[in-house]
Amino acid sequence: MNWTTATMTTPDDARTASAVLTINNMHFQWPRNATAWHIPDLQLRAGEHGFLHGASGSGKSTLLALLAGLTVPQSGKITLLGQHFSSRSRRQRDRLRADHIGIIFQQFNLVPYLPAIDNVQLPGHFSRRRRERVHDALYDAARHLLQTLAVPESLWRSPVTALSVGQQQRVAAARALLGAPELILADEPTSALDTDNRDRFLELLMDQARQANSTIVFVSHDPALGRRFSQHHDMQQWQEVPA
Ligand SMILES: Nc1ncnc2c1ncn2[C@@H]1O[C@H](COP(=O)(O)OP(=O)(O)OP(=O)(O)O)[C@@H](O)[C@H]1O
Ligand SMILES: [Mg+2]
């Protein structure tokens with residue numbers, strides 16, 4: 001039986017199926033924290049670039065944690081590539097994340113004792129799919145990304161802690177991009193950079209994402225960066241602050 005015709009019955013379902021990421025009627029609240037978030041409807045298609053802004057504490061990193069499946073909502077639904085991501089077990093979410101999502105964390109989360117080039121190859125060790133997407137040539141793919149993101153070759157074998165913040169950030173971006181995941185989540189990756197380096201970094205990131213047709217969700221408290229993105233969302237609109 002054809003799975004598509006058997007299960008896709010409404011236009012809404014069809015719309016969700018063609019999206020990389022969809023949120024429907026989602027409620028979320030951290031334990032022992034009065035603030036809650038309600039997102040009625042959000043959708044990003046392949047190659048679409050979303051910009052998420054809002055004041056410190058408005059929940060930007062929280063939403064990225066939900067999109068990455070690191071935590072799950074109390075109700076509602078997050079769909080990743082047609083799969084009901086948020087209802088899966090932690091193990092299944094870990095698998096889907098490793099295969100389909102590249103994350104640039106607010107604090108980079110690079111492995112400090114590993115050289116830059118090894119950090120970039122890590123997603124390929126955790127995901128056969130991402131390894132296969134670079135034809136098992138992990139080292140070459142990492143080299144190519146570090147070159148493209150202008151990390152000096154003399155630093156590739158140094159522990160990442162010996163790199164400047166801007167260089168570490170580009171290593172983190174290269175790691176997120178390795179194996180062309182469908183979704184890139186970037187949490188304030190430019191906050192430590194001056195304007196020139198910030199613009200250059202953004203251009204490189206978006207250029208690489210475009211080549212892979214990856215969807216981006218990019219978080220920043222700086223609304224000036226938003227003009228490069230096709231979708232804009234203010235986190236505050238979804239915040240339910242207790243009276
Ligand atoms: N793991 C957690 N457990 C409990 N509460 C949390 C957790 N992470 C975040 N919060 C709470 O959620 C709220 C939003 O935090 P979040 O880190 O998502 O904001 P943000 O918009 O990313 O802020 P910033 O711009 O400072 O990074 C805060 O009140 C914070 O205390
Ligand atoms: Mg944050």
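Okay, opening question: how far is a polar side-chain atom of tryptophan 30 from a nitrogen atom of ligand 1? The two lie 3.2 Å apart. Keep in mind that this is a predicted model.

Let's stay with the ligand for a bit. Two other polar pairs involve oxygen atoms of ligand 1. For glutamine 106, a polar side-chain atom lies 3.0 Å from a ligand oxygen. With serine 58, it's a backbone N or O atom, and that one lies 3.3 Å from an oxygen atom of ligand 1. As for cover, ligand 1 on its own has 630 Å² of accessible area, and the protein covers 62% of that.

So who's in the shell? There are 13 residues around ligand 1, and the closest are Ser56, Gly57, Lys60, Ser61 and Thr62. If you want to find your way by secondary structure, look at helix α3, residues 60-67: that helix gives the largest share of the shell, three residues. Sorted by class, we've got eight polar residues, three nonpolar and two charged.

Now let me swing over to another residue, glutamine 208. You'll find glutamine 208 in helix α9, which runs over residues 195-212. Is this glutamine buried or exposed? Glutamine 208 has 10% relative accessibility, and the cut-off for buried is under 20%, so it counts as buried. And what is glutamine 208 in contact with, once you set aside neighbours within four places in sequence? The answer is Leu145, Thr148 and Leu177.

That's it from me. Have a look at the structure on the screen, and shout if you want to go back to anything.

Notes: Residues are numbered from 1 along each chain as its sequence is written. Chains are lettered from A and ligands numbered from 1 in the order in which they are written. This is a predicted model: local features need pLDDT of at least 70, side-chain atom pairs count only at pLDDT 80 or more; totals for chains, interfaces and linings use all residues. Side-chain values use heavy atoms; hydrogens and water are left out. Helices (H or I, at least four residues) and strands (E, at least two) are DSSP runs, numbered from the N terminus. Buried means under 20% relative accessible area, exposed over 50%, partly exposed in between (1.4 Å probe, protein chains only). Contact means heavy atoms within 4.5 Å. A residue is near a molecule or strand if one of its heavy atoms lies within 4 Å of it. A polar contact is a pair of N or O atoms within 3.5 Å; within protein, one must be able to donate a hydrogen and the other to accept it, and residues adjacent in sequence count only if both atoms are side-chain atoms. Accessible areas come from the Shrake-Rupley method with a 1.4 Å probe; for residues, only the protein chains shown count as cover. Ala, Val, Leu, Ile, Met, Phe, Trp, Tyr, Cys and Pro count as nonpolar, Asp, Glu, Lys and Arg as charged, and the others, Gly among them, as polar.
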